[in-house]
Amino acid sequence: MKILIIGAGYVGLSTGVVLSESHEVRLLEIDRARVEAINRGESPIYERGLDTLLKERLAEGKLRALHTSDEIGPMDAVFICVGTPSGSDGSVDLSQVESAADFIMNHLDELLKDYLVIIMKSTVPPGTTRRYLVDRIEDQHLLDRAGVVFNPEFLREGTALDDSKNPDRTVIGCTTSKEFEVVRSIYEPIIDKDSGPYLHTNIESAELCKYASNSFLATKISFSNEIANIAEQIPGADIGEVMKCVGLDSRISPRFFGSGAGYGGSCFPKDTLGLMRVAEDLGISTPILSAVDTVNKQRPLRLVNMLESLLGNLSMQRVTVLGLAFKPNTDDTRYSPALRVIELLQNRGSIVRVHDPLAPRIVQKLELPNGVEATNDLEESLTDADAAVLVTDWPVYKETGLSGLTRFMKSAVLVDGRRVFSEEEVPSSIQYITVGRTKKSET
Ligand code: UGA
């Protein structure tokens, strides 16, 4: 099939590279530098395996990025994969979706072949796909030539390629079985045979399901963090053991109960706020979602307070923050808890240094607060430090071990914001505190 993807960001590029295994894919992107990088085989985003696959697909001629609409031609499907960031008031900024929908409507003459399916993948408030696309296709009496689908993505940064091939489910929100079958036939040659089912829902249910899925995962994390706060006050209790026991109830599942620095990234914070805003516009109150957000916002403060409890006073202390990305295996720092930890430490007068394995990539895109240096050299970042706060659970910290991490520090003081180390791994020579269990000396 011939497929056009509008937006070569994280979702568009990953989806394009995966779909071009079996289809002819064109990526339409407004950022010229991004188009050039993609066509040179250099992924502008950090995603394991993406560079190699991108090069292969370009060499096979199955994938190409375009900057202008000149070369689009007739298509079987068009995906909308543009950003839907939070506006300053927490509302969902739909300007990119609007432009993409306008583009499609204005280029229908070139795009239409036999039957065109327009697939919204960007996360949008329920009703958006109908308003921007279905109603307009209907108004132009084109329903026999074009169909509209909302097909949410459930890709995690860092494992997007794997997630694309092994989804737990593929949700296809549309009006008739015709669009459903076209979208299924796009995915069927790509997705592993033993993956989850294809679900045919209506468009609005699919739109709401994306918000509800991310909000529920965020809820699990905040719930686990709230129980961790309680566990810390109960000598002997350990949140890891507690949530393992809870999660093994088959009605619950143990995943996404990891307590620590809280959730960040471009999705959970944005989508919980977005769903709250959708509800507010409908006159519905969302006390659960508000609490999820509040609990999450308290996490960085909790880690900094833990450090203060160890050091007494943070002023003029040299503190190394371990990890800057919102999670391992990405260079994405959007809503990263590490950024808030740095800010809180600076507010209390600490001198902050940062380590992240992808620091050189990150500092190309992110301006760090004044006085903060970031490096990917672990030894350099920790030398002469008075303390360290581990915020992102990059595997290198576990591999280096507590003795390795503290070897070059002035004082061996560490707050483990991701529960990387078990109680048995903590030597008595190290002042160590983590989330969800009391300090060793207190048990
Ligand atoms: C998330 C969802 O997992 C995807 O299904 C979804 O498609 C994507 O958002 C999206 O909407 O595009 P992502 O933001 O890449 O994916 O990252 P996750 O792996 O879900 O982690 C999100 C945050 O939660 C990270 O900061 C992570 O450290 C934190 N987290 C995760 C925890 O604090 N505890 C956990 O147990 C799991």
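The buried residues of helix H16 pack against a broad set of partners, namely strand S9, strand S10 (351-355), helix H15 (378-382), strand S12, strand S13 and strand S14. In this predicted model, the buried positions of H16 are Tyr397, Gly401, Leu402, Gly404, Leu405 and Thr406. The helix itself covers residues 395-406, 12 residues in total, and reaches 16 Å from its first C-alpha to its last, close to the 16 Å expected at 1.5 Å a residue.

Several of the strands touched by H16 belong to a sheet, which is a good place to continue. Six strands form this open sheet in the order S11-S10-S9-S12-S13-S14, and their pairing is parallel. Strand S11 (373-375) and strand S14 (431-434) stand at the edges; each has a single partner strand, so one side of each is left without a neighbour in the sheet. On average, and with direction ignored, neighbouring strands of this sheet are turned by 20° against each other.

At one end of that order, strand S13 (residues 413-416) runs parallel to S14 and is joined to it by 4 bridges. Within this pair, aspartate 416 has threonine 434 of S14 as its bridge partner. Helix H12 also packs on the sheet, where it touches S9, strand S12 (387-390), S13 and S14, and its direction makes about 155° with that of S13.

Another parallel pair is found earlier in the chain. Here, 4 bridges connect strand S7 (residues 170-174) with strand S8 (residues 198-201). One of the paired positions is glycine 173, whose bridge partner in S8 is threonine 201. Between the two strands the chain passes through helix H8 (residues 177-187), giving a β-α-β crossover that is right-handed.

Two loop residues deserve a closer look for their backbone angles. Most residues other than glycine have a negative phi. Serine 253, however, has a positive phi, near 80°. This serine lies in the loop between helix H10 (239-247) and helix H11 (268-281). With a relative accessibility of 29%, serine 253 counts as partly exposed, because that label covers values between 20% and 50%.

Methionine 316 likewise has a positive phi, in this case near 65°. Its place is the loop that links helix H12 (287-311) and strand S9 (318-322). Is methionine 316 buried or exposed? Its relative accessible area is 59%, so methionine 316 is exposed, the cut-off for that label being over 50%.

Methods
Residues are numbered from 1 along each chain as its sequence is written. This is a predicted model: local features need pLDDT of at least 70, side-chain atom pairs count only at pLDDT 80 or more; totals for chains, interfaces and linings use all residues. Side-chain values use heavy atoms; hydrogens and water are left out. Two strands pair if DSSP finds at least two bridges between them. A crossover is right-handed if, with the strands pointing away from the viewer, the path from the first strand over the helix to the second runs clockwise. Buried means under 20% relative accessible area, exposed over 50%, partly exposed in between (1.4 Å probe, protein chains only). Axes are lines fitted to C-alpha atoms, for helices over the stretch in contact, and angles run from 0 to 180 degrees between N-to-C directions. Contact means heavy atoms within 4.5 Å. The expected span of a helix is 1.5 Å times one less than its number of residues.
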